[in-house]
Amino acid sequence: MRAHISIRRPEECCGCGACVNACAPGAITMQEDEAGFIYPAVDEALCVNCGRCVDVCVFTQKEEGANGAPQVYAAAVKDKSVLKDSSSGGIFTAIADAVLDKGGVVFGASWTDDLTVEHTGVSDRDGLAALRGSKYVQSSTGDTFSQVKKLLKDGRYVCYSGTPCQIAGLKAFLGAEYENLLTVDLVCHGVPSMKMLRDDLDFVSKGNVSGIRDIRFRDKQYGWGTRGSFLCGDSKVKYNAGTSAYYFYFLKGEVYRESCYHCRFPSEGRQGDITLGDYWGVREELISEMGGADPELGVSCVLVNTEKGKRWFSAIGNSVCVARTDRASVEKRNKQLTAHSTPLPEHSALLNGYIKTGYAAFRKGYKKHIKDHVIRTAKNMIPSRIKRKLSNILF
Ligand SMILES: Cc1cc2nc3c(=O)[nH]c(=O)nc-3n(C[C@H](O)[C@H](O)[C@H](O)COP(=O)(O)OP(=O)(O)OC[C@H]3O[C@@H](n4cnc5c(N)ncnc54)[C@H](O)[C@@H]3O)c2cc1C
Ligand code: SF4
Ligand code: SF4
Ligand code: SF4
């Protein structure tokens, strides 16, 4: 008889859902805590004390990351409409297309009708549109790990994309290498809770959440950056750090789940066969080498971590503009590749305030920070073309 999973400290659970998928009697469900972060809850009446949930937990079983030297690229898809709908260089779609073309299934984060973010699997290019674009909130993996296992055993190709902890959770749950599985992890600095996002959407839509459609955290109409939008009724509403307390605190790194402030994945090697992120500060000569890329629409940094990753990345060669680079130049402007986020001094007060008084605590703190935001916006107004020139001179 073995003990079931039990979370002693919040930083010891990233909410990946591997334990839920591993529990045959269905004794585990994910439940929101007071701040809306999801943690497993065990129904003692259903638990048969098999210990399987403990065996698959990424906090008890360490999944080795790829620690070797990855091949590193600057890349962007050639298809401009895909690029505009993607957060950075649209490489996720290029990889997903290659897997779909082989009859595979692609899993990623998607909005549901009631504006929750969940992982789901798609098997055609039309379905892929829902997975495109970053949703800056924790996505629930539901029963997708079990679906993946079944598909892999049936001999289908599967691409699973997500945060490094989700990929680690999937691999721990599977417990074996599958040649037909391709994993894609993201450079990740942390996730707030779905409850926080719901509260924020309620506020910014003036109580009309049900009228919200097409949320984009990164809307390329405003350039390649961190400015987004959503549709509400007939209007397009700007959604960014200047209009949303949630977005502001997300970018500042103030409202992540505790595991993000202790995230071990930046230092323990990448979890995916391929890692995707934004290639902030990409240099002018690299863009020339990419031939035909438009940096105003976004460039991805791509780390190809495994032999399997190399095979899939070479399969997308014709659909992308690409140039080889090195990890050090990507890391210069992307510190999430090497270190986890650190909570600022006001983190605890903000979180406790949110637990006690709800979204009002976000609004109260946010007003004080508007000055910071004005300065950042002013910097953002410098055209990226000029920023790249400056970075060529300075570095
Ligand atoms: C929470 C979060 C934090 C991030 N932080 C950074 C960062 O600090 N630095 C950086 O360089 N890049 C970061 N990224 C990655 C970046 O925003 C792009 O997602 C990435 O560069 C891929 O872009 P793309 O243009 O290739 O594809 P896109 O089409 O833009 O990306 C879609 C991919 O993102 C996945 N995805 C979207 N939302 C979620 C989610 N909530 N949880 C799990 N997977 C999701 C989808 O499944 C799909 O695989 C972050 C992404 C997320 C979701
Ligand atoms: S010990 Fe077994 S039955 Fe009990 S919660 Fe864990 S996986 Fe489920
Ligand atoms: S398996 Fe994932 S969700 Fe379950 S306890 Fe471990 S970290 Fe948390
Ligand atoms: S920062 Fe780490 S723990 Fe948090 S979502 Fe990203 S990978 Fe998971």
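How do the residues of the shell around ligand 4 divide into nonpolar, polar and charged? They split into eight nonpolar, three polar and no charged. The model behind this answer is predicted.

**The shell around ligand 4**

Several cysteines sit around ligand 4, among them Cys 14, Cys 165, Cys 188, Cys 260 and Cys 263. Pro 164, Val 191 and Phe 265 also surround ligand 4. So do Thr 163, Gly 190 and Ser 259.

**The shell around ligand 1**

Ligand 1 has 33 residues around it. Which of them come nearest? They are Ser 86, Ser 87, Gly 108, Ser 161 and Gly 277. Four elements give two or more residues to this shell: helix H4 (91-101) and the strands S4 (105-111), S6 (158-162) and S11 (274-278). By class, the shell holds twelve nonpolar, 18 polar and three charged residues.

**Two domains**

The domain assignment gives domain 1 as 10-55 and domain 2 as 65-395. Their C-alpha centres lie 26 Å apart. The two domains touch: 17 residues of domain 1 and 24 residues of domain 2 take part in the contact. On the side of domain 1 that touches domain 2, helix H1 (18-22) and strand S1 (28-32) each give two or more residues. H1 gives the most, with three residues. This side has ten nonpolar, four polar and three charged residues.

The table sets out the classes for the two ligand shells and for the domain 1 side of the contact.

| Set of residues | Nonpolar | Polar | Charged |
|---|---|---|---|
| Shell around ligand 1 | twelve residues | 18 residues | three residues |
| Shell around ligand 4 | eight residues | three residues | no residues |
| Side of domain 1 that touches domain 2 | ten residues | four residues | three residues |

**Strand S12 and its partners**

Strand S12 covers residues 300-304. Is S12 mostly covered or mostly open? Mostly covered: five of its five residues are buried. In a regular strand, side chains alternate between the two faces of the sheet. In S12, Ser 300, Val 302 and Val 304 lie on one side, with Cys 301 and Leu 303 on the other. Both faces are covered.

Which strands pair with S12? One is strand S3 (residues 71-77), antiparallel to S12 over five bridges. Another is S11, which also runs antiparallel to S12 and is joined to it by five bridges. Val 302 has a part in both pairings: Tyr 73 stands opposite Val 302, and Leu 276 has Val 302 as its bridge partner. S11 links two parts of this picture, as S11 gives two or more residues to the shell around ligand 1 and pairs with the buried strand S12.

Conventions
Residues numbered from 1 in each chain as written. Chains lettered and ligands numbered in written order. Predicted model: local features only at pLDDT ≥ 70, side-chain atom pairs only at ≥ 80, totals over all residues. Domains from an automatic or database assignment. Contact = placed C-beta atoms within 7 Å. Nonpolar A, V, L, I, M, F, W, Y, C, P; charged D, E, K, R; others polar. Near = placed C-beta within 6 Å. Buried ≥ 20, exposed ≤ 12 C-beta atoms within 10 Å, placed from the backbone. Pairing = 2+ DSSP bridges.
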